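Q: I would like to learn how to read a protein model. Could we go through it together, feature by feature?

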Amino acid sequence: MIDYTKLLNETAVDIKPSGIRKYFDIAATLDDVISLGIGEPDFYTPWPIRQAAIKALERGKTFYTSNAGMIKLREAISDYTALKTGVRYNPAHEIIVTVGGSEAIDLAIRTIVSQQDEVIIPEPSFVCYKPIVLLSGGVPVPIKTSEGHSFKLTSDALKAAITPRTKLLILPYPNNPTGAIMTKEDLEPIAEILRGTNIAVLTDEIYSELTYGRQHFSIIGLDGMRERTIYVNGFSKAFSMTGWRLGYMCAPEEILKHSLKIHQYGIMSSPTVSQYAAIEALTACEEDVKMMVSEYDMRRKYLVNAFNSLGLHCFTPEGAFYVFPSIKSTGLSSDEFCERLLYHKRVAVIPGNAFGDCGEGFVRVSYAYSINHLREAIERISEFLTELKGNG
């Protein structure tokens, strides 16, 4: 009889399952659920992108590409990042096309982090960073951000967290789950601290196109930051291409050539048809993205006003497609609130503590859903809060 306790990797066993998937799985077992839990656009992938994929299939473009991805796509990525950030990467040696932004994050962390290296992670933030750091043998060092500072990383907090073992800073902005952004003015003191160190930066900018009222700014645009930064982006959010599983990482050649080895052995190459589709996305779909952002903006304003009207104070997000209302006034923990709301009113949202301990007292609500779904969800949440007060 095999002893699995001795067989399995201890780190893998100790890692908690994603708090996002937990509620998604519960919702799948119930009827008439309105799920506002998953960060997946409700828009179809724009037709020109789908048409490009169909044409690639019709022409039999179904073979492996080079490990780093098609050079034509890497050239398009180079042009796109130059346009959006002011920084150009060499398509031949500084760009890898990955299986979603998630693989790019994994590659970046595994390339940089060795045993007991410390990785600074502002929280609340996306759920994957900590587990990947742990699986790489590193030590996650969470920094609590607060609504009082608009959920931004401050230079004082960063300075206090740096030790001789610090190897990497993760910058998850625009932020999932809070919708917070970092402006050029916010990033300049962060860059000033890093310039005199040997600390690398992983900037996860998967939501860079989804900002409201101001254009996104990347830390790679500041002096001395390109040489130490791994830039991650992808197609899932901005272009509504979640199922196409395509992202990319850009970095100096001295970093990227080692990431490419990990990619070669673990993945080989990203989906070929998706790569053809991505070229079309980068070169011909700017107006489609603007249309989706305009729709998200309308939903964002609706939800912020709705939650504030219900007495659940809601931070106004400036990026991504999430709101992060406080549920502290209910007296319930984040988990209790989400479970009761799901079972009693069939509305699925995600507890804030799934994104770090400092997310306790909040819930994440995605507005990557139609306005009709959002309105119905708000009606049910209103009923839930009324019944909660009545029972109190």
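A: Happily! Let's begin with surface patches: a nonpolar patch is made of residues with over 30% relative accessible area and no salt bridge, whose nonpolar side chains are joined within 5 Å. Keep in mind that this is a predicted model.

Q: Which residues form a nonpolar patch on the surface here?
A: The patch is formed by Ile2, Tyr4, Leu7, Leu8 and Val13, and together they have about 510 Å² of accessible area. Take Leu7, one of these residues: it sits in helix H1, residues 4–7. Its relative accessible area is 52%, so Leu7 is exposed, the cut-off for that word being over 50%.

Q: How do I read a helix, and what is the reach of H5 from its first C-alpha to its last?
A: One way is to set the reach of a helix beside the span expected at 1.5 Å a residue. Helix H5 covers residues 71–85, which is 15 residues, and it reaches 21 Å, close to the 21 Å expected. Just after H5 comes Gly86, with a positive phi near 85 degrees.

Q: Which residues of H5 are buried?
A: Buried means under 20% relative accessible area. In H5 these are Leu73, Arg74, Ala76, Ile77, Ser78, Tyr80, Thr81, Ala82 and Thr85. Their cover includes three strands, S2 (95–98), S7 (229–234) and S8 (247–250), as well as helix H11 (272–284).

Q: What does a single buried residue such as Ala238 touch?
A: Ala238 belongs to the loop between S7 and S8. With a relative accessible area of 5%, Ala238 is buried. Leaving aside residues up to four places away in sequence, Ala238 touches Glu209, Leu210, Val289 and Met292. Look at Val289 in particular: it is 51 residues from Ala238 along the chain, yet their C-alpha atoms are separated by 6.2 Å.

Q: Now for charges. How many salt bridges does the structure hold?
A: Side chains of opposite charge can pair when their charged atoms come close. This structure holds 20 salt bridges. In one of them, Asp117 pairs with Lys167, and the closest N and O atoms are 2.7 Å apart. Asp117 is in the loop between helix H6 (100–112) and strand S3 (118–123), while Lys167 is in strand S5 (166–171), so this pair ties together parts that are 50 residues apart in sequence. Asp117 is buried, at 8% relative accessible area, whereas Lys167 is partly exposed, at 25%.

Q: Which parts does the salt bridge of Lys345 and Glu387 tie together?
A: The side chains of Lys345 and Glu387 meet at 2.8 Å, N to O. Lys345 lies in helix H13 (334–345) and Glu387 in helix H14 (371–391), so the bridge ties together parts 42 residues apart in sequence. Lys345 has a relative accessible area of 14% and is buried; Glu387, at 40%, counts as partly exposed.

Q: Where do Glu376 and Arg380 lie?
A: Both are in helix H14, four residues apart, which is about one turn of the helix. Their side chains form a salt bridge of 2.9 Å, N to O. Glu376 counts as partly exposed at 30% relative accessibility, and Arg380 as buried at 10%. Salt bridges with shared partners join Asp32, Glu376 and Arg380 into one network.

Q: What is the phi of Asp32?
A: For Asp32, phi is near 60 degrees, a positive value in a residue other than glycine. You will find Asp32 in the loop between helix H3 (19–28) and strand S1 (34–35), and at 56% relative accessibility it counts as exposed. Phe151 also has a positive phi, near 55 degrees. Phe151 is in the loop between strand S4 (139–144) and helix H8 (155–161), and it is buried, with a relative accessible area of 3%.

Q: Which residues does a cis peptide bond join?
A: Omega is the angle to read here. A cis peptide bond joins Tyr173 and Pro174, with omega about -5 degrees, and Pro174 is in the loop between S5 and helix H9 (184–195). The bond from Glu123 to Pro124 is cis too, with omega near 5 degrees. Pro124 is in the loop between S3 and helix H7 (129–135).

Terms used:
Residues are numbered from 1 along each chain as its sequence is written. This is a predicted model: local features need pLDDT of at least 70, side-chain atom pairs count only at pLDDT 80 or more; totals for chains, interfaces and linings use all residues. Side-chain values use heavy atoms; hydrogens and water are left out. Helices (H or I, at least four residues) and strands (E, at least two) are DSSP runs, numbered from the N terminus. Buried means under 20% relative accessible area, exposed over 50%, partly exposed in between (1.4 Å probe, protein chains only). Contact means heavy atoms within 4.5 Å. Patches are made of residues with over 30% relative accessible area and no salt bridge: like charges are joined within 9 Å, nonpolar side chains (Val, Leu, Ile, Met, Phe, Trp, Tyr) within 5 Å. Accessible areas come from the Shrake-Rupley method with a 1.4 Å probe; for residues, only the protein chains shown count as cover. A salt bridge is a side-chain nitrogen of Lys or Arg within 4 Å of a carboxyl oxygen of Asp or Glu.
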